[in-house]
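Subject: Structure for your review

Dear colleague,

Please find below the structure that I am handing over to you. My notes on what was found in it follow directly after.

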Amino acid sequence: MDSFSEYIDLSTYLARTFGVIYLAVGLGMFFYRESYIVLFRRLTENIDFVMMGGFVAVAGGMAMVSYHNIWVNDWRVIITIIGWIALIKGVMLLLMPGYIRTFRGVLLVRYGKYLTVAILIFGSVLTYFGFF
């Protein structure tokens with residue numbers, strides 16, 4: 001096996017990384033729902049955490065948009081969309097840090113079960129494309 005074939009492409013690496021993250025968060029939300037509700041409330045109440053989250057989302061989103069802006073008709077477009085969503089979310093958090101508070105009850109309390117299932121499915125899809 002030559003050295004070139006030992007490397008995986010960026011799409012596969014990002015699918016593996018985000019797939020495992022989404023699966024871990026989804027399972028955490030499934031088994032420890034109350035802990036995630038408390039965590040999300042604490043994070044959204046502290047403007048410092050919201051601003052830091054905005055900075056991280058802009059940095060990560062900008063990196064993904066810069067290096068993985070692939071608009072094709074296959075699974076790799078999911079990675080591109082994640083990057084754009086992260087960038088937009090980060091900008092929104094920096095522009096309107098207090099706005100996130102309006103979503104905290106809706107996201108985790110009212111729609112938390114649906115969100116958990118969606119995160120688990122999304123993580124499973126990314127993990128599948130990343131590893132298989």
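From the N terminus on, the elements run α-α-α-α-α-α; the protein thus has six helices and zero strands. Please note that this is a predicted model. The mean pLDDT is 89, and 90% of the residues reach 70 or more. Residues 1-5 have a pLDDT below 50, and beyond near neighbours in sequence this stretch has one contact in the model. Where pLDDT is low, the predicted coordinates should not be read in detail.

As to overall dimensions, the C-alpha atoms fill a box of roughly 50 × 35 × 25 Å along the principal axes. The accessible surface comes to about 8800 Å², and 70% of this area belongs to carbon and sulfur atoms. Of the 132 residues, 29% are buried. Among contacts between residues at least 6 apart in sequence, 75% join residues at least 24 apart.

I turn next to the interior. The largest nonpolar core has eight residues, namely L14, A15, F18, M64, W75, I79, I82 and L126. Helix 1 and helix 4 are the elements that give two or more residues to this core, and helix 1 supplies the largest share, three residues. In soluble globular proteins, nonpolar side chains tend to be buried together. Leaving aside residues up to four places away in sequence, the core residue M64 touches F18, I79 and I82, and also N69 and G83.

Two further buried positions may be of interest to you. S11 is in helix 1, which covers residues 10-31. S11 counts as buried because its relative accessibility is 3%, under the 20% cut-off. Beyond residues up to four places away in sequence, S11 touches H68, I70, W75, R76 and I79. T127 is in helix 6, residues 112-131, and at 14% relative accessibility T127 also counts as buried. With the same exclusion of residues up to four places away in sequence, the contacts of T127 are A15, G19, V20, L23 and F132.

What does a search of the whole structure find in the way of salt bridges? The search finds one salt bridge. In it, the side chains of D74 and R76 meet at 3.1 Å, N to O. Side chains of opposite charge can pair when their charged atoms come close. D74 is partly exposed, with a relative accessible area of 32%, and R76 counts as partly exposed at 26% relative accessibility. R76 is also one of the residues that S11 touches.

On the surface, a nonpolar patch of about 1100 Å² is made by W71, I81, W84, I85, I88, V91, M92, L95, M96, Y99 and F103. Within this group, L95 is in helix 4, residues 76-95. L95 counts as exposed because its relative accessibility is 61%, over the 50% cut-off. The C-alpha atoms of L95 and G54 are separated by 9.0 Å, and these two residues are 41 apart along the chain. F103, another member of the patch, lies in the loop between helix 4 and helix 5 (104-110). With a relative accessible area of 34%, F103 is partly exposed.

With kind regards

How values were computed:
Residues numbered from 1 in each chain as written. Predicted model: local features only at pLDDT ≥ 70, side-chain atom pairs only at ≥ 80, totals over all residues. Heavy atoms only, no water. Helix = DSSP H or I, 4+ residues; strand = E, 2+ residues; numbered from the N terminus. Buried < 20%, exposed > 50% of the residue type's maximum accessible area, 1.4 Å probe, protein only. Contact = heavy atoms within 4.5 Å. Patch = residues over 30% accessible without salt bridge, like charges linked within 9 Å, V, L, I, M, F, W, Y side chains within 5 Å. Areas by Shrake-Rupley, 256 points an atom, 1.4 Å probe, with all protein chains shown as cover. Salt bridge = Lys/Arg side-chain N within 4 Å of Asp/Glu carboxyl O. Core = buried A, V, L, I, M, F, W, Y, C linked by side-chain atoms within 4.5 Å. pLDDT = per-residue confidence, 0-100.
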